[in-house]
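I keep these notes to record what I looked up and what I found. The entries follow the order in which I worked.

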Amino acid sequence: MLLCIDCGNTNTVFSIWDGTRFLCTLRTSTHHSRTADAYFTWYSTLVNHYKIDAEITDVIISSTVPRVVWNLRVFADRFFGCRPLVVGKPECSLPHAPRVDAGTGVGPDRLANAAAAFDRHGGDVVVVDFGTATNFDVVAEDGAYVGGVIAPGVNLSLEALHQGAAALPHVDISQPERVIGTNTVACIQSGVFWGYVGLIQGITERIKAEYGRPMKVIGTGGLAPLFASGEVLFDKIEDDLTMHGLTVIHDYNKEQIGADLHEQ
């Protein structure tokens, strides 16, 4: 069984893949100081709580927070006896190499999204990933990540508004009933929600015009379903897209190792 770990700036997600489906998805906050023992205590408690029988044989890690990778490596080695595959490291091969400016580092989550989008949709895709940042990932016809857009995330925008304007409260994002708010909370919710609807529409339309080919738009990330109501922004929403990409990358590396051994 494969344990997929996606570590973002805000949350870290663990999913157990049995080869055909994800048995569970576990979520915790990201802390660079969390030790391997602390990860295992949290992980084993939840796995036992959900009565999941999982014999982990392999681990793959995608992390946009470099400082957590060491402890996750120790976690995999100490408790599962395996060396994890880390997306973005030289030892981790990609099904399709990204085509970006020389010297540019591509976030491992974006590489996983590209692998998943090509596997499920065959390329010519824009992935809109709602996380700490809102990423637009452009996946070419051949599966290569070829660039994108980074915008401030929804919750990050709300927090910045609250911190930067003393009179404005912190509010939870939701779709307001009306565009014109009649109280402070409704005004903020309208501004953020409809502002992001406009941002998604505007950027995806410009990407399509510049790309010059028909493209699908796939939404993923925690807040993607919120923006599925009302305006038609996405062709499809896939909550497990990044995790699916990790399984694709893992399988590709296993195949490469098998091919190398066969040649020897």
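**Entry 1, the sheet.** I am working from a predicted model. I looked up the strand order first and found an open sheet of five strands, arranged β8-β7-β6-β9-β10. The pairing in this sheet is mixed. I recalled that strands of a sheet pair through backbone hydrogen bonds, and that they can do so parallel or antiparallel.

Which strands sit at the edges? I noted β8, residues 145-152, and β10, residues 236-237. Each of these pairs on one side only.

I then followed one pair. Strand β7 covers residues 133-139 and is joined to β8 by six bridges. These two strands run antiparallel. Within the pair, I found F136 opposite V149 of β8.

**Entry 2, the helix across the sheet.** I looked for what lies on these strands. Helix α3, residues 108-121, lies across β6 (125-130), β7, β8, β9 (216-221) and β10. I wrote down its angle to β7 as about 45 degrees.

**Entry 3, the cavity.** How many cavities of 30 Å³ or more does the structure hold? I counted one. The largest cavity has a volume of about 60 Å³. Its lining is made of L94, P95, H96, L111, A114, A115, G143 and Y145. Helix α3, already noted for lying across the sheet, gives the most to this lining, with three residues. I sorted the lining of the largest cavity by type and got six nonpolar residues, two polar and no charged.

**Entry 4, the pocket.** I turned to the largest pocket, which holds about 1100 Å³ of space. It is lined by 42 residues, and those closest to its centre are D6, D129, F130, G131 and T132. The lining of the largest pocket divides into 13 nonpolar, 20 polar and nine charged residues.

**Entry 5, two helices.** Packed helices are described by the angle and the distance between their axes, so I looked up both values. Helix α1 spans residues 36-49 and helix α2 spans residues 69-80. Their axes come within 8 Å and cross at roughly 65 degrees. The crossing of α1 past α2 is right-handed.

Which residues meet there? From α1 I listed A36, D37, Y39, F40 and Y43. From α2 I listed N71, L72, V74, F75, R78, F79 and F80. The residues of this contact divide into nine nonpolar, one polar and two charged.

Key: Residues are numbered from 1 along each chain as its sequence is written. This is a predicted model: local features need pLDDT of at least 70, side-chain atom pairs count only at pLDDT 80 or more; totals for chains, interfaces and linings use all residues. Side-chain values use heavy atoms; hydrogens and water are left out. Two strands pair if DSSP finds at least two bridges between them. Helices (H or I, at least four residues) and strands (E, at least two) are DSSP runs, numbered from the N terminus. Contact means heavy atoms within 4.5 Å. Axes are lines fitted to C-alpha atoms, for helices over the stretch in contact, and angles run from 0 to 180 degrees between N-to-C directions. On a 1 Å grid over the protein atoms alone, a cavity is a set of points where a 1.4 Å probe fits but cannot get out, and a pocket is an open set with protein on both sides within 12 Å along at least five of seven lines; lining residues have an atom within 4 Å of a point. Grid points are joined across faces, edges and corners, and a volume is the space filled by probe spheres set on the points. Ala, Val, Leu, Ile, Met, Phe, Trp, Tyr, Cys and Pro count as nonpolar, Asp, Glu, Lys and Arg as charged, and the others, Gly among them, as polar. A crossing is left-handed if the near helix is turned anticlockwise from the far one by less than a right angle, and right-handed if clockwise.
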